[in-house]
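Please open the structure in the viewer and keep the selection tool at hand. The tour below proceeds one selection at a time.

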Amino acid sequence: MNVGVLGVGKYLPPKILTNKDMEEIVETTDEWIRTRTGIEERRIAEDDIDSSDMAFFAAEQAIKRAGITAEEIDLILVATVTPDTPFPSVSCMIQERLGATNAASMDVSAACTGFIYGMATGSQFIESGVYQHVLVVGVDKLSKITDWTDRNTCVLLGDGAGAVVLGEVSADKGLLAFKLGSKGSGGSHLYQDDQDHLIMNGREVFKFAVKQMPQSSVEVLEKAGLGKEDVDYLIPHQANIRIMEAARKRLGISEDKMATSIRKYGNNSSASVPIALCESVEEGKVKDNDLVVLVGFGGGLTWGSIALRWGV
Ligand code: UT7
């Protein structure tokens with residue numbers, strides 16, 4: 001049984017915070033943020049919009065595009081580190097709101113790698129014949145755990161959600177391989193403190209990511225029995241353009257073959273990969289039969305990659 005993506009969806013809050021706006025909040029410059037990170041602006045959700053709202057909007061779109069009804073979903077996996085509340089889970093909240101009356105629901109916590117963990121997990125239920133349709137959502141409202149006085153982190157982050165519906169696809173299409181990993185000893189480089197703020201040792205995370213992202217990309221291709229030359233499109237976690245470039249160069253693909261939604265949205269944590277995937281599909285950059293590599297890393301530390309033959 002081949003498992004692939006039947007539909008994609010995303011939600012970005014309308015409120016834009018530009019780098020110029022950030023200059024009013026902390027001591028920084030548009031030039032510093034642009035050249036060190038690739039970010040030009042980010043989206044920030046209003047107070048009355050929480051993670052479950054954004055997850056719901058993205059999920060609704062993905063289900064519609066998949067051409068199924070909410071009742072046909074067997075499992076909802078929501079990757080998030082900023083749930084509305086520790087419990088009930090965001091997945092239960094959207095299960096009710098979507099009317100997914102036949103779905104089991106749980107949240108996945110693997111920070112920025114959460115969506116890739118969710119997709120890999122969800123695909124197993126379908127491949128084994130247990131379930132037919134799995135909804136996987138990546139959502140984070142990082143603005144609620146951002147220390148708005150810390151220029152090392154606040155300029156990087158943004159809010160949003162992305163979603164996919166997984167289901168059976170035709171032979172040769174869908175997920176070809178995945179690789180997941182973790183290293184708890186690096187947990188102190190990126191965590192939430194007792195004030196609920198996101199704390200990051202940027203340099204340490206950078207060093208880890210710039211090595212791990214290219215490595216994960218190559219490893220998943222090897223596992224799928226493919227090579228760098230087979231890759232049509234790269235969708236890396238949108239954390240820093242310099243880290244993303246390291247992965248792109250390792251694969252030897254041209255700039256136009258990599259998603260760069262980071263410019264408009266910043267780092268959306270669990271939501272960054274599905275938002276970039278959704279946008280790439282909408283813009284026609286990911287086409288039928290393309291070999292797509294999704295790759296991410298995040299707090300934990302965690303990392304993961306997926307090789308995917310696009311299409312149904
Ligand atoms: O998804 C979560 C994973 N997180 C990440 O992937 C982040 C990984 N890390 C990074 O992307 C980069 O390390 C940063 C963008 C966070 C920082 O870039 P960097 O090139 O590693 O800068 P740095 O930490 O080495 O800092 C260079 C200088 C420092 O000043 P001093 O100590 O050299 O005087 C910082 O204080 O830049 C300063 N700086 C800033 N200056 C202006 C740090 N943040 C800012 C800022 N504006 N916003």
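Begin by selecting the ligand together with the residues around it: in this predicted model, 23 residues surround the ligand. The closest are T28, R36, R203, N240 and N267. By type, the shell comprises eleven nonpolar, seven polar and five charged residues.

Next, display the polar atoms around the ligand. Select T28, where a polar side-chain atom lies 2.6 Å from a nitrogen atom of the ligand. Then move to R151, which has a polar backbone atom 3.0 Å from a nitrogen atom of the ligand. At G202, a backbone N or O atom is likewise placed 3.0 Å from a ligand nitrogen atom. Taken on its own, the ligand has 940 Å² of accessible area, of which the protein covers 77%.

Now show the protein surface around the ligand. Which pocket holds the ligand? The ligand sits in the largest pocket.

Return to the cartoon view and select four helices: helix 2 (30-37), helix 6 (151-154), helix 7 (202-223) and helix 8 (241-251). Each of these supplies at least two residues of the shell around the ligand. Helix 7 makes the greatest contribution, with four residues.

For a wider view, colour domain 1 (2-169) and domain 2 (174-309) separately. Why does the ligand lie between them? Both domains give residues to the shell around the ligand, so the ligand lies between the two.

The remaining stops concern the backbone. Most peptide bonds are trans, and most residues other than glycine have a negative phi. Three places on this tour should be viewed with that in mind.

- Select F87 and P88: the peptide bond from F87 to P88 is cis, with omega near 0°. P88 is in the loop between strand 4 (75-79) and helix 4 (90-98).
- Select G300 and L301: these residues are joined by a cis peptide bond, with omega about -10°. The loop that contains L301 runs between strand 12 (291-298) and strand 13 (302-309).
- Select S269: although S269 is not a glycine, its phi is positive, at about 55°. The loop in which S269 lies is between helix 9 (262-265) and helix 10 (272-282).

Terms used
Residues numbered from 1 in each chain as written. Predicted model: local features only at pLDDT ≥ 70, side-chain atom pairs only at ≥ 80, totals over all residues. Heavy atoms only, no water. Near = heavy atom within 4 Å. Polar contact = N/O pair within 3.5 Å; in protein donor to acceptor, adjacent residues only side chain to side chain. Areas by Shrake-Rupley, 256 points an atom, 1.4 Å probe, with all protein chains shown as cover. 1 Å grid on protein atoms, 1.4 Å probe; cavity = no way out; pocket = protein on both sides within 12 Å on 5 of 7 lines; lining within 4 Å. Sits in = over half its atoms within 2 Å of the grid points. Nonpolar A, V, L, I, M, F, W, Y, C, P; charged D, E, K, R; others polar. Domains from an automatic or database assignment.
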